[in-house]
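The following exercises concern a predicted model. Please work through each task with the sequence and the structure at hand before reading its solution.

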Amino acid sequence: MKLGIVGLPNVGKSTLFNAITQAGAESANYPFCTIEPNVGVVAVPDDRLEKLAELYESKKLVPTAIEFYDIAGLVKGASKGEGLGNKFLSHIREVEAIVHVVRCFEDSNVVHVDGDVNPIRDIETINLELIFSDMEMLERRLAKSQKAAKSDKALAAEVDLIKTVLDTLESGKSARTLDLSDDEKAVVKSFNLLSSKPIIYVANVSEEEVADDAKDNPYVKQVREFAQTEDAEVVVVSAKIEEEISQFDKEEKIEFLKDMGLDKSGLDKLIQASYKLLGLISFLTAGPMESRAWTIKDGTKAPQAGGKIHSDIERGFIRAETISFDDLVVHGGNMASAKEKGLVRSEGKEYVMKDGDVVLFRFNV
Ligand code: GDP
């Protein structure tokens, strides 16, 4: 899962990104992740893993991970190719969701590119660049489709849909605000529009305000109101605190958060919101070698889930011996006794995976 961090200069993106890379997951565990300077890989916190590792005396514990791309440098005029504009826009095209950092802290020592703190103007500045870029692409596509529709009547619907999307974009609204049927959504998805990507707004607040989700901060209120119009999530963080605690070990981190009156770090909240936004769940595998979490889309069937581990499992899938994490814990990790109680299910290829399933795949090689 890849998310791209965007935002105007001086809003706290690098501070947050530093926290992400410092908190960084052990890269040895994630050979599939491309480790580049602008990519930060973080482990998805999952308390269940530790319990499994304890039950199975696992040598290794491997959480699932998500990748954050630092897409710095997106400024006004990017869609017109200003600065390195187009390059940044193409980076956004590659991510599954956008994390838009918005400045909600006052600090006269930190210059705001547009003079003063105004999160809605900041959001609209960035969103407009994405909208302009989408419009340009769609106008080209419209011309092509209109031409092709002359000989292929089936394309008429596509032409209409492109026009509808363009109308919305022209009114300054992101494509994600469109109310579309499932079929239309599938077509629009194939356009891979920047302004239709799922988005999380990260409200960066001062250290003093972060407790209670900065409920008295008027900027945060504005961001929440705006996000509602897009069905988007808002996560309140203090990037500075995140940077500080990213250097702590687990105990220190818990202690520090408690002192600050926080139950979770901003980064953990962001990861959780990303999971929700992208409709993701985790299933688990456990044994003496390792206990491990795997990310899948909600709705994934057993063979495809197995395919996340190895393509052989998907290809040669026979069945998935499955138990829920909670049932397994009740039986102290003892599969035999859980089986006697009928709690271990032998699931076939149509089984839709559930969050927290602990699975052993049976397959032909
Ligand atoms: P970027 O340009 O968006 O990457 O912003 P940076 O992360 O480089 O932050 C710009 C400046 O703002 C730096 O001096 C940070 O230390 C400072 N900064 C970031 N977050 C906060 C915050 O929550 N409060 C205050 N007072 N300063 C912050």
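**Exercise 1. Helix α6 and the loop before it**

Determine how many of the 10 residues of α6 are buried, and then establish whether A175 is buried or exposed.

Solution. Begin with the helix: α6 is hardly covered, since one of its 10 residues is counted as buried. Next, inspect the position just after α6, where N192 takes a positive phi of about 50°. Then turn to A175, which is placed in the loop between α5 (156-170) and α6 (182-191). A residue qualifies as buried when 20 or more other C-beta atoms lie within 10 Å of its own. A175 has 22 C-beta neighbours inside 10 Å and therefore counts as buried. To identify its surroundings, set aside the neighbours within four places in sequence; A175 is then in contact with D134, V165, T168, L169, V188, L193, S195 and S196. Finally, examine the pair A175 and I131: these residues are 44 apart in sequence, while their C-alpha atoms are 7.8 Å apart in space.

**Exercise 2. Strand pairing**

Establish which strands pair with β5, and describe how the chain crosses from β6 to β7.

Solution. Start with the environment of β5 (residues 97-103). Six of its seven residues are buried, so this strand is largely enclosed by the rest of the structure. One partner of β5 is strand β1 (residues 2-6), joined to it in the parallel sense over four bridges. Within this pairing, G4 stands opposite I98 of β5. Another partner is β6, which pairs with β5 in the parallel sense over six bridges. Here V99 has I200 of β6 as its bridge partner.

Continue from β6 (residues 199-204) to β7: the two strands run parallel and are joined by five bridges. In this case A203 is matched with V236 of β7. Between the two strands the chain passes through helix α7 (residues 218-229), and the resulting β-α-β crossover is right-handed. As a last step, consider the cover of β7 (residues 233-237): four of its five residues are buried, so that the strand is mostly covered.

**Exercise 3. The shell around the ligand**

Identify which residues come nearest to the ligand and which helix gives the most to its shell. Then classify S14 and T15 by burial.

Solution. First, list the shell. There are 17 residues around the ligand, and G12, K13, S14, T15 and D107 come nearest. Sorted by class, the shell holds six nonpolar, eight polar and three charged residues.

Second, assign the shell to helices. Both α1 (13-23) and α8 (239-245) supply at least two residues, and α1 gives the most, with three.

Third, compare with the record. An unreviewed UniProt entry lists N10, V11, G12, K13, S14 and T15 under "binding site". The residues G12, K13, S14 and T15 thus appear both in that record and among those nearest to the ligand.

Fourth, apply the burial criterion, under which a residue is partly exposed when its count lies between the limits of 12 or fewer for exposed and 20 or more for buried. S14, in helix α1, counts as partly exposed because it has 17 C-beta neighbours inside 10 Å. T15 also lies in helix α1; its 18 C-beta neighbours inside 10 Å make it partly exposed.

Fifth, examine the contacts of T15. With neighbours within four places in sequence left aside, T15 is in contact with A239, K240 and E243.

Definitions and conventions. Residues are numbered from 1 along each chain as its sequence is written. This is a predicted model: local features need pLDDT of at least 70, side-chain atom pairs count only at pLDDT 80 or more; totals for chains, interfaces and linings use all residues. A residue is near a molecule or strand if its C-beta atom, placed from the backbone, lies within 6 Å of it. Ala, Val, Leu, Ile, Met, Phe, Trp, Tyr, Cys and Pro count as nonpolar, Asp, Glu, Lys and Arg as charged, and the others, Gly among them, as polar. UniProt positions are given in the numbering used here, feature names are shortened, and annotations may be inferred rather than shown by experiment. Two residues are in contact if their C-beta atoms, placed from the backbone, lie within 7 Å. Two strands pair if DSSP finds at least two bridges between them. A crossover is right-handed if, with the strands pointing away from the viewer, the path from the first strand over the helix to the second runs clockwise.
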